[in-house]
Amino acid sequence: MKYSRFLTQVSRNRQPSLIREMTNLLAQASPELVFMAGGLPNAQMFPFQAGSITLKDGRALTIHPKLMMDCLQYGPTPGYPPLVKQLKDLTQQLHSPPRWAEMDLIVTAGSQDGLCKALEMMISPGDYVVTQEPCYTGTLSILKPYKPRYLPISGDQNGMCPEALKAALSKWKPEEVQDTEKDVPKVLYVNPNACNPTGVSLPEDRRQEIYKIASEYNLIILEDDPYYFVQFGDRKDFPPSFLSMDVDCRVIRFDSFSKILSSGLRIGYVTGPKPLVERIVLHAQVSLLHAPAMSQVLVSELLKLWGDEGFFKHTDAVQAFYLDQRNAMLEAAEKHLSGPDLFTVPLCH
Amino acid sequence: MPNPEKFPFREMTVTLEGGKKLTLSKETLSAGLQYGPSHGYLPFRNQLKRMVEQWHAPPRWAESDLIVTVGNQDGISKALDMLLDPEDFIVVPDPCYSDFLCMLSSLAPQIVAVSVDDQGMRPDILQSALEKAISSGSTGIPKALYLVPNSCNPTGTNMGEERRQEIYAIAQQYDLIILEDDPYCFLQFNDKYLPSFLSMDVDGRVLRFDSFSKVVSSGLRIGFVTGPPPLLQGITLHMQASCICPPMLSQVLIHELLTSWGDEGFKKHISDICQFYKEQRDAMIQALKTHLTGICEWIVPEGGIFVWLKVLHLSDTSAMLLERGAKGDIVLVPGREFMVDSTKPSPYMRAAYSCVTPEEMMKGMENLAKLIQKEIELQSTHT
């Protein structure tokens, strides 16, 4: 795929920060190298020496002095390397992206920062954006300054309707817009699971149809999936992600730990085609530099302590909790809000 | 909001230098793990406001506000996004902090580059450069002026009080927002604190960017911005849409630390780190004198972590450092990286003395002297 088509001029202008790039020299250098290029403060002068976190299951995460330095010092923009590796392994395990070798994964300060940078990378004022309707207000806040031309796609109890998507795009001929850069839709935003605000999830066949349409019209799919781990039901029955069916390498996927580990730590991750993820990294290099290091180390240590089994045991427990909450909510709604048509979702026509 | 009962962390204790332990209360840890306000954790913001009022006594304090950002550089990045339309002018010192130039290269505004002397931006050059911009016929207007007044990156210079007042007066004349980027304000070796632009801001035109990165932790990603509420609002709205809020655990930890220290403890910590970096600077100057006298020129920095070196007999240092430096076992940043026009050759280099030992500095400067000699020979065989 030709990715430059999707980039704004600002994004195309981005260059690597040489000083950040120079730290890569350290990796190949001889131990005799005297490195005086980085503007790092001396971590020995930071006042925190060590730490300990007790988990709710009674076990402890120990932050010994060397690990505390990792928590407190500048780190690489794409993320704390042990965590990046863990997340890559997890993503490969859960989604087996068909073009994994051409993809990259980075840690972001919450998944929404990744989404914000992805949209800022691709949307110029007045551009078209294809979104589910209704749409998550956070995404609308990101887009508002750009005054985009929305193509809102209606949905039913199974989410975005492929027919509605086709209809919205029908004013363009697919073969005419493949390489066109201006005045055509290039981005599609979707919450495939437990959509915010409707709570609905796209079944597999809809995802495949939507992917096919996105492919015909050469759209980047922004798969915003913060509720992935708290979908109700058995994990083996989860519908496949857009990432898992991404034969074209057109999906940028946003994952979050906010609903299962902590929202305040500000840790999420983005998976997508290398050329696009690289643009997000360049933006991060000159803005927040990287996701908070201590937060990344804590998540990494926790995942290491739990292993896959512990992690999924935890997500199952969170899922079960929210299922109980949902049932209680439905009961309350039935009791007080029942009436004709009060909370049915209209079918697509 | 997710239910924090399902977050797996129950308790957190950190050990400070000197062995004192800080245990976060249940409520505090809970605050650290949940979403917080976009402009910052309230107890922390209040604490910072008290400190800013104490240090700077801003003349328009009642009309100012303060927000927490994900490192001070994210605040600066969002301030630029907020202020600059294409065609607008921004004033920068030349040389300038390279990451700032990187930010500008994506937005591609018109740059008014102002040469510096041993105190930073020269007011006479600033004045004539702004006149030139205004009469250029451009539709854009000069909007902002960026500077690092203390231990400037990369030159290491401090801007004197009189010079600051001159620059402020020119900013008033041309109605510029002053972006005061001050991450090294606590790393001053002479116990002399020069008045900040914020402290002389009678108009409400200064956005001041503070950082904990050199003082408490760079990795926690916490900085703060002080200035007029309408401008802070612009940055906060962007924060809301992007990170949602600055990292809560980081804010909670720094808040607890500052509370535990009190003013006295904070002063002592600053005094300790200044002592450390002063000794590093002294060792660096010693190493420079030993190996680079007659080869390089430099100004002795009064604070911060950088020395700006000029090679006497080379017109450019880039190829030497980037292509041959690692083999010569010494890496510094080429001066060209910091010049507004990076196509022009530059005989300068930036050295950071923060993380190397005095022995490494001696060895490094010895290596540098050899590298420069080789480069001079290489250049002369080409001419």
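These legends go with close-up views of a predicted model.

**View 1. The open sheet of chain B.** Here you're looking at eight strands of chain B, lined up as β3-β10-β9-β8-β7-β4-β5-β6 in an open sheet with mixed pairing. The edge strands are β3 (65–69) and β6 (120–121) of chain B, and each of them pairs on one side only. Lying against this sheet is helix α3 (residues 72–83) of chain B, which touches β3, β4 (89–94), β7 (142–147), β8 (177–181), β9 and β10 of chain B. Compare directions and you'll find that α3 makes about 155° with β9(B).

**View 2. Two strands side by side.** Zoom in on β9 (residues 206–211) and β10 (residues 223–227) of chain B: they run antiparallel and share four bridges. To find your bearings, look for B:Ser211, which sits opposite B:Gly223 in β10(B).

**View 3. A cavity and a cysteine in chain B.** Searching the whole structure turns up four cavities of 30 Å³ or more. The largest one holds about 90 Å³ of space. It is lined by 13 residues, and those closest to its centre are B:Gly120, B:Met121, B:Val148, B:Cys152 and B:Met159. B:Cys152 counts as buried because its relative accessibility is 8%, and the cut-off for buried is under 20%.

**View 4. Cysteines without partners.** How many disulfides does the structure hold over all chains? The count is zero. Take B:Cys152: the nearest cysteine sulfur belongs to B:Cys96 and is 7.5 Å away, whereas a disulfide needs the two sulfurs within 2.5 Å. Over in chain A, A:Cys249 is a buried cysteine, with a relative accessibility of 1%.

**View 5. Two cis peptide bonds.** Most peptide bonds are trans, so a cis one is worth a look. In chain A, the bond from A:Asn196 to A:Pro197 is cis, with omega near 15°. A:Pro197 belongs to the loop between β9 (187–190) and α10 (204–216) of chain A. In chain B, the cis bond joins B:Asp94 to B:Pro95, with omega about 10°. You'll spot B:Pro95 in the loop that links β4 and α4 (98–107) of chain B.

**View 6. Positive phi in two loops of chain A.** A:Asp183 isn't a glycine, yet its phi is positive, at about 60°. This residue lies in the loop between α9 (174–177) and β9 of chain A. A:Arg266 is another non-glycine residue with a positive phi, near 60°, and its loop runs between β11 (251–256) and β12 (268–273) of chain A. Is A:Arg266 buried or exposed? A:Arg266 is buried, because its relative accessible area is 1%.

Methods. Residues numbered from 1 in each chain as written. Chains lettered and ligands numbered in written order. Predicted model: local features only at pLDDT ≥ 70, side-chain atom pairs only at ≥ 80, totals over all residues. Heavy atoms only, no water. Buried < 20%, exposed > 50% of the residue type's maximum accessible area, 1.4 Å probe, protein only. Pairing = 2+ DSSP bridges. Contact = heavy atoms within 4.5 Å. Axes fitted to C-alpha atoms, helices over the stretch in contact; angles between N-to-C directions. 1 Å grid on protein atoms, 1.4 Å probe; cavity = no way out; pocket = protein on both sides within 12 Å on 5 of 7 lines; lining within 4 Å. Points joined across faces, edges and corners; volume = space filled by probe spheres on them.
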